[in-house]
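User: Hi, I have just opened this one and have not looked at it before. Could you walk me through it?
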Amino acid sequence: MSGKQGSAILWAIFMVLFTIQITNAAIYNVGDGNGWTLGVSNWPNGKNFKTGDVLVFKYPKGIHNVVIVNKANYGTCKASGKTLSSGNDRVTLGKGTYYFICGIPGHCNGGQKISVTAN
């Protein structure tokens with residue numbers, strides 16, 4: 001087997017494994033039927049998020065938003081980070097912990113925030 005054939009075989013194996021990883025991803029509607037709203041902070045409890053999973057934040061546009069924040073801003077409800085505001089926002093998880101809050105004044109303190117860890 002030549003080096004090119006070996007590289008092609010390794011590439012094909014990689015693509016198959018990558019495709020399997022993508023197809024095993026789950027789609028989660030944050031807050032389930034209630035959507036992204038006040039009091040959603042316990043929603044992630046008991047869920048096992050994986051790299052490639054997608055979080056869908058559904059909410060009335062203009063009433064809420066989603067701000068991706070760091071751990072410190074999550075704890076203090078400081079809306080400093082990337083803001084999503086379509087009312088149907090999708091976030092694909094990589095490995096690690098993510099922090100999301102609503103940036104509308106008072107909403108984060110009212111429990112409109114979640115943290116999730118993807119393995």
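Analyst: A word on terms before anything else: helices and strands here are DSSP runs, with at least four residues for a helix and at least two for a strand, numbered from the N terminus. With that in hand, the chain reads along the sequence as α-β-β-β-α-β-β-β-β, and please keep in mind that this is a predicted model.

User: Ok, how many helices and strands is that?
Analyst: The secondary structure comes to 2 helices and 7 strands.

User: Which strands form the open sheet, and in what order?
Analyst: The open sheet is formed by 4 strands, in the order β4-β3-β6-β7, and their pairing is antiparallel. The edge strands are β4 and β7, the latter covering 113–118, and each of them pairs on one side only. From one strand to the next, the twist averages 25°.

User: What joins β3 to β6?
Analyst: Strand β3, residues 66–69, runs antiparallel to strand β6, residues 96–101, and 3 bridges join the two. Looking at single residues, I68 has F100 in β6 as its bridge partner.

User: And what else does F100 touch?
Analyst: Leaving aside residues up to four places away in sequence, F100 touches I68 again, along with a list of others that includes W36, L55, F57, V91 and I114. F100 also belongs to the largest nonpolar core, which has 18 residues, and there W36, L55, F57, F100 and I114 touch the most other members. Strands β2 (54–58) and β7 each supply at least two residues of this core, and β7 gives the most to it, with 3 residues. A second, separate core has 7 residues, among them V67, Y99, I101 and C108.

User: Changing topic, where does S85 sit?
Analyst: S85 lies in the loop between β4 (82–84) and β5 (88–92).

User: Why does S85 count as partly exposed?
Analyst: Its relative accessibility is 42%, and S85 counts as partly exposed because that value falls between the 20% limit for buried and the 50% limit for exposed.

User: What does S85 touch?
Analyst: Not counting residues up to four places away in sequence, S85 touches Y59, K61 and N65. As for K58, which is 27 residues apart from S85 along the chain, the C-alpha atoms of the two are separated by 9.9 Å.

User: Last one, what about the chain as a whole, how much of it is buried?
Analyst: Of its 119 residues, 34% count as buried, while the chain exposes about 7,100 Å², with carbon and sulfur atoms supplying 56% of that area. Among contacts with a separation of 6 or more, 66% are between residues 24 or more positions apart.

Technical notes: Residues are numbered from 1 along each chain as its sequence is written. This is a predicted model: local features need pLDDT of at least 70, side-chain atom pairs count only at pLDDT 80 or more; totals for chains, interfaces and linings use all residues. Side-chain values use heavy atoms; hydrogens and water are left out. Buried means under 20% relative accessible area, exposed over 50%, partly exposed in between (1.4 Å probe, protein chains only). Contact means heavy atoms within 4.5 Å. Accessible areas come from the Shrake-Rupley method with a 1.4 Å probe; for residues, only the protein chains shown count as cover. Two strands pair if DSSP finds at least two bridges between them. Axes are lines fitted to C-alpha atoms, for helices over the stretch in contact, and angles run from 0 to 180 degrees between N-to-C directions. A nonpolar core is a set of buried Ala, Val, Leu, Ile, Met, Phe, Trp, Tyr and Cys residues joined through side-chain atoms within 4.5 Å.
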